[in-house]
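Here is a briefing on one protein model. Keep the sequence and the structure in view while reading.

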Amino acid sequence: MTESVDVLIIAPEVPRYAHPGDAGADLVSSEHLVLEPGERRLVGTGVSIALPDGFVAFVVPRSGLATKHGITIVNSPGTVDAGYRGEIKVTLLNTDAREPYEIAVGDRIAQLIVMPVSRATFVPVETLPGSARGAGGFGSTGYDSAAASDPTSSDTPTGANA
Ligand SMILES: O=c1ccn([C@H]2C[C@H](O)[C@@H](COP(=O)(O)OP(=O)(O)OP(=O)(O)O)O2)c(=O)[nH]1
Ligand SMILES: [Mg+2]
């Protein structure tokens, strides 16, 4: 599916997909900066978009920057709402304990994933329907590959009448 997205160009270039079939279009830095170890900075991309209603764009890190230089995005995935018309910016963080990281204008610093999104209508209820998982989370299924939830576990309703 190729969605047409209006883009206001301030940056050196339109966000590009490196290869056919890539999910993320690269976002470039519109500024020169040096991220010191442990430093975070809001970095402009020079790009503003108008997503079709019913779509969202996620701002996510590039794996090469993460693996080789410890550069990540504090609020990954950053959420670009369909109604947003401001410049897309990226809150980069240098997680390297020792090395600063220099970014030049035009360097690809993040990637943008455009995808359909549904909006929920939240309906207040007294009790939620039961489920195999129930309220289990945060490591409730254990850690080793052999650990598995008990398939015979009963569905446990939650909420006021639990
Ligand atoms: O990484 C990001 C995340 C968000 N945004 C822009 C697009 C988004 O539509 C708007 C609001 O984002 P979010 O809702 O995450 O921020 P907030 O702190 O809740 O601000 P607001 O009160 O404006 O919603 O900021 C970015 O440019 N980059
Ligand atoms: Mg918000």
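Long-range contacts dominate the count in this predicted model. Of the contacts between residues at least 6 apart in sequence, 71% join residues at least 24 apart. The protein has 14 strands and 1 helix.

**Overall figures**

- The protein has 162 residues, and 24% of them are buried.
- About 10,500 Å² of the protein is exposed. Carbon and sulfur atoms supply 54% of that area.
- UniProt lists residues 13-142 as "domain: dUTPase-like", in an unreviewed entry.
- Over residues 13-142, strand accounts for 38% of the chain and helix for 5%. The C-alpha atoms at the two ends of this stretch are 46 Å apart.

**The five-stranded sheet**

- Five strands form an open sheet with antiparallel pairing. Their order is β2-β3-β12-β7-β9.
- The edges are β2 (16-17) and β9 (78-80), and each of these strands pairs on one side only.
- β2 pairs with β3 (residues 25-28) in the antiparallel sense, over 2 bridges.
- Within this part of the sheet, Arg 16 stands opposite Asp 26 of β3.

**Salt bridges around Asp 26**

- How many salt bridges does the count give? The total is 3.
- Asp 26 and Arg 62 form one of them, with their closest N and O atoms 3.8 Å apart. This pair links distant parts of the chain, 36 residues apart. Asp 26 sits in strand β3, while Arg 62 lies in the loop between β7 (55-60) and α1 (63-69).
- Asp 26 also meets Arg 108 in a salt bridge, at 2.8 Å from N to O. Here the partners are 82 residues apart, and again the pair links distant parts of the chain. Arg 108 belongs to strand β12 (residues 108-116), and Asp 26 to strand β3.
- Is Asp 26 buried or exposed? Asp 26 counts as buried because its relative accessible area is 8%, and buried means under 20%.
- Arg 62 is partly exposed, at 23% relative accessibility.
- Arg 108 is partly exposed too, with a relative accessible area of 38%.

**The Glu 39 pair and the shared network**

- Glu 39 forms a salt bridge with Arg 41. The closest N and O atoms of this pair are 3.0 Å apart.
- Asp 26, Arg 62 and Arg 108 are joined into one network by salt bridges that share partners.
- Glu 39 is partly exposed, with a relative accessibility of 23%.
- Arg 41 has a relative accessibility of 30%, so it counts as partly exposed.

**Leu 42 and its contacts**

- Leu 42 is in strand β5, which covers residues 40-44.
- Which residues touch Leu 42, leaving aside its neighbours within four places in sequence? They are Glu 31, Lys 89, Val 90 and Thr 91.
- Leu 42 and Leu 92 are 50 residues apart in sequence. In space, their C-alpha atoms are 6.3 Å apart.

**A nonpolar surface patch**

- Which residues form the nonpolar patch on the surface? They are Val 123, Val 125 and Leu 128. Together they have about 290 Å² of accessible area.
- Leu 128 lies in strand β13, residues 127-128.
- Leu 128 is partly exposed because its relative accessibility is 48%. A patch residue needs over 30% relative accessible area, so Leu 128 meets that cut-off at 48%.

**His 19**

- His 19 lies in the loop between β2 and β3.
- Why does His 19 count as exposed? Its relative accessibility is 53%, and exposed means over 50%.
- His 19 and Tyr 84 are 65 residues apart along the chain, and their C-alpha atoms are separated by 27 Å.

Technical notes:
Residues are numbered from 1 along each chain as its sequence is written. Chains are lettered from A and ligands numbered from 1 in the order in which they are written. This is a predicted model: local features need pLDDT of at least 70, side-chain atom pairs count only at pLDDT 80 or more; totals for chains, interfaces and linings use all residues. Side-chain values use heavy atoms; hydrogens and water are left out. Helices (H or I, at least four residues) and strands (E, at least two) are DSSP runs, numbered from the N terminus. Buried means under 20% relative accessible area, exposed over 50%, partly exposed in between (1.4 Å probe, protein chains only). Contact means heavy atoms within 4.5 Å. Accessible areas come from the Shrake-Rupley method with a 1.4 Å probe; for residues, only the protein chains shown count as cover. Two strands pair if DSSP finds at least two bridges between them. UniProt positions are given in the numbering used here, feature names are shortened, and annotations may be inferred rather than shown by experiment. Patches are made of residues with over 30% relative accessible area and no salt bridge: like charges are joined within 9 Å, nonpolar side chains (Val, Leu, Ile, Met, Phe, Trp, Tyr) within 5 Å. A salt bridge is a side-chain nitrogen of Lys or Arg within 4 Å of a carboxyl oxygen of Asp or Glu.
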